[in-house]
Amino acid sequence: MINSIMDTCREYSTFYANYLNKRWDNISPMEYGLVLVAIAVIGWLLMRNGARKI
């Protein structure tokens, strides 16, 4: 039972890792810009919330 669950998780993770690698290799400039903006917004939110805890 555990082995089948582990195998299923491994297959899904391998599939999605390969899918994301192929998608990243064929990313357009606009999609790359959206990734950078998303990273900037997440970083800004984390830094803003971190300042409140001090």
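Is Tyr16 buried, partly exposed or exposed, and what is its relative accessibility? In this predicted model, Tyr16 counts as partly exposed, at 45% relative accessibility. The neighbourhood of this residue is described below, after an account of the chain as a whole.

The secondary structure of the chain consists of two helices and zero strands. Helix H1 covers residues 2–25, and helix H2 covers residues 29–52. The radius of gyration of the chain is 18 Å, whereas a compact globule of 54 residues would have a value near 10 Å. Along the principal axes, the C-alpha atoms occupy a box of roughly 45 × 35 × 10 Å. Buried residues account for 0% of the 54 residues in the chain. The exposed area of the chain is about 5300 Å², and carbon and sulfur atoms supply 68% of that area.

One residue of each helix serves to illustrate the separation of points along the chain. Phe15 belongs to helix H1, and Leu46 belongs to helix H2. These two residues stand 31 residues apart along the chain, and their C-alpha atoms are separated by 30 Å. Leu46 has a relative accessibility of 60% and is classed as exposed, because the exposed class begins over 50%.

Attention now turns to the aromatic residues. A search of the whole structure identifies four aromatic pairs. In one of them, Tyr12 and Tyr16 are stacked, with 6.4 Å from centre to centre and 15° between the planes. Both residues lie in helix H1, and the four residues that set them apart amount to about one turn of the helix. Tyr12 is exposed, its relative accessible area being 51%, whereas Tyr16, at 45%, counts as partly exposed. The two residues fall into separate classes because the boundary for exposed residues is set at 50%. Tyr16 also pairs with Phe15, and this pair is edge-to-face: the centres are 5.0 Å apart and the planes form an angle of 75°. The two descriptions rest on a general convention, in which a pair of aromatic rings is characterised by the distance of the centres and the angle of the planes. Ring pairs join Tyr12, Phe15, Tyr16 and Tyr19 into a cluster. The residues of this cluster, together with Leu20, make a nonpolar surface patch of about 600 Å².

The charged residues were examined next. The structure contains two salt bridges. Arg10 forms a salt bridge with Asp7, in which the closest N and O atoms are 2.9 Å apart. Arg10 and Asp7 are both located in helix H1, at a spacing of three residues, or about one turn of the helix. Each partner is partly exposed: the relative accessible area of Arg10 is 48%, and the relative accessibility of Asp7 is 38%. Another salt bridge is formed by Arg23 and Glu31, with the closest N and O atoms 2.6 Å apart. Arg23 counts as partly exposed, with 39% relative accessibility. Glu31 likewise counts as partly exposed, at 27%, because only values under 20% would class a residue as buried.

How values were computed: Residues numbered from 1 in each chain as written. Predicted model: local features only at pLDDT ≥ 70, side-chain atom pairs only at ≥ 80, totals over all residues. Heavy atoms only, no water. Patch = residues over 30% accessible without salt bridge, like charges linked within 9 Å, V, L, I, M, F, W, Y side chains within 5 Å. Areas by Shrake-Rupley, 256 points an atom, 1.4 Å probe, with all protein chains shown as cover. Salt bridge = Lys/Arg side-chain N within 4 Å of Asp/Glu carboxyl O. Buried < 20%, exposed > 50% of the residue type's maximum accessible area, 1.4 Å probe, protein only. Phe/Tyr/Trp six-rings, centres within 6.5 Å; stacked < 30°, edge-to-face > 60°. Rg over C-alpha atoms; globule rule 2.2 N^0.38 Å.
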